[in-house]
Amino acid sequence: MSDQQAQNPEPACHHIFAHPQTPHQREQVEAALENARLTGDAQGVLIAMTQLTEPCDVRDRRQP
């Protein structure tokens, strides 16, 4: 962990399917969604869509 990460930890979502809190995390979930879609993984699609679309107190508090 870098010094900058220690000083500014990323906020954490504690839902069962954690919501992305940073642009990098969102890119990772979007990539997982694309992979699930391409491989026919219905559960993976459901999980990724839940992560991207459901309300999240932590994420929503950070938005203006």
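# Exercises on a predicted four-helix chain

A search of the whole of this predicted model turns up zero disulfides. The exercises below start from that result and move on to charged pairs, the fold and the surface.

## Exercise 1. Two cysteines

Find how far apart the sulfurs of Cys13 and Cys56 are, and explain why the pair is not counted as a disulfide.

Solution. Begin with Cys13, which is in no disulfide and whose nearest cysteine sulfur, that of Cys56, is 3.6 Å away. Seen from the other side, Cys56 is likewise in no disulfide, and the nearest cysteine sulfur to Cys56 is that of Cys13. Now apply the cut-off: a disulfide requires the two sulfur atoms to be within 2.5 Å, so the 3.6 Å between Cys13 and Cys56 does not qualify. As a last step, consider accessibility: Cys13 counts as buried at 10% relative accessibility, and Cys56 is buried too, with a relative accessible area of 0%.

## Exercise 2. Charged pairs in helix H2

Determine how many salt bridges the whole structure holds, and work out where along helix H2 the partners Glu30 and Arg26 sit relative to each other.

Solution. The search of the whole structure finds two salt bridges. Take Glu30 and Arg26 to begin with: they form a salt bridge in which the closest N and O atoms are 3.2 Å apart. Both belong to helix H2, which covers residues 23-39, and because they are four residues apart there, about one helical turn separates them. Glu30 is partly exposed, with a relative accessible area of 35%, and Arg26 is also partly exposed, at 36%.

Next take Arg37 and Glu34, whose side chains meet in a salt bridge with an N to O distance of 2.9 Å. These two residues are three apart in helix H2, which again means a separation of about one helical turn. Here the accessibility classes of the partners are not alike, since Arg37 is exposed at 51%, whereas Glu34 is partly exposed at 36%. As background, side chains of opposite charge can pair when their charged atoms come close.

## Exercise 3. The chain as a whole

Describe the order of the elements along the chain, and state what share of its residues counts as buried.

Solution. Start with the secondary structure: the chain has four helices and zero strands, so that its elements, read from the N terminus, run α-α-α-α. Of the 64 residues, 22% count as buried. Turning to contacts between residues at least 6 apart in sequence, 55% of them join residues at least 24 apart. Finally, the accessible surface of the chain comes to about 5,000 Å², and carbon and sulfur atoms account for 53% of that area.

## Exercise 4. Phe17 and Gln51

Decide whether Phe17 and Gln51 are each buried or partly exposed, and list what Gln51 touches.

Solution. Phe17 lies in the loop between helix H1 (3-7) and H2, and this residue is partly exposed, with a relative accessible area of 35%. Together with Ile16 and Ile47, Phe17 makes a nonpolar surface patch of about 310 Å².

Gln51, for its part, is placed in helix H3, residues 42-53, and counts as buried at 16% relative accessibility. Leaving aside residues up to four places away in sequence, Gln51 touches Phe17, Ala18, His19, Pro20, Val29 and Arg59. For Ala18 a distance can be added: the backbone oxygen of Ala18 lies 2.8 Å from a polar atom of the Gln51 side chain.

Key: Residues numbered from 1 in each chain as written. Predicted model: local features only at pLDDT ≥ 70, side-chain atom pairs only at ≥ 80, totals over all residues. Heavy atoms only, no water. Buried < 20%, exposed > 50% of the residue type's maximum accessible area, 1.4 Å probe, protein only. Salt bridge = Lys/Arg side-chain N within 4 Å of Asp/Glu carboxyl O. Contact = heavy atoms within 4.5 Å. Areas by Shrake-Rupley, 256 points an atom, 1.4 Å probe, with all protein chains shown as cover. Patch = residues over 30% accessible without salt bridge, like charges linked within 9 Å, V, L, I, M, F, W, Y side chains within 5 Å. Polar contact = N/O pair within 3.5 Å; in protein donor to acceptor, adjacent residues only side chain to side chain.
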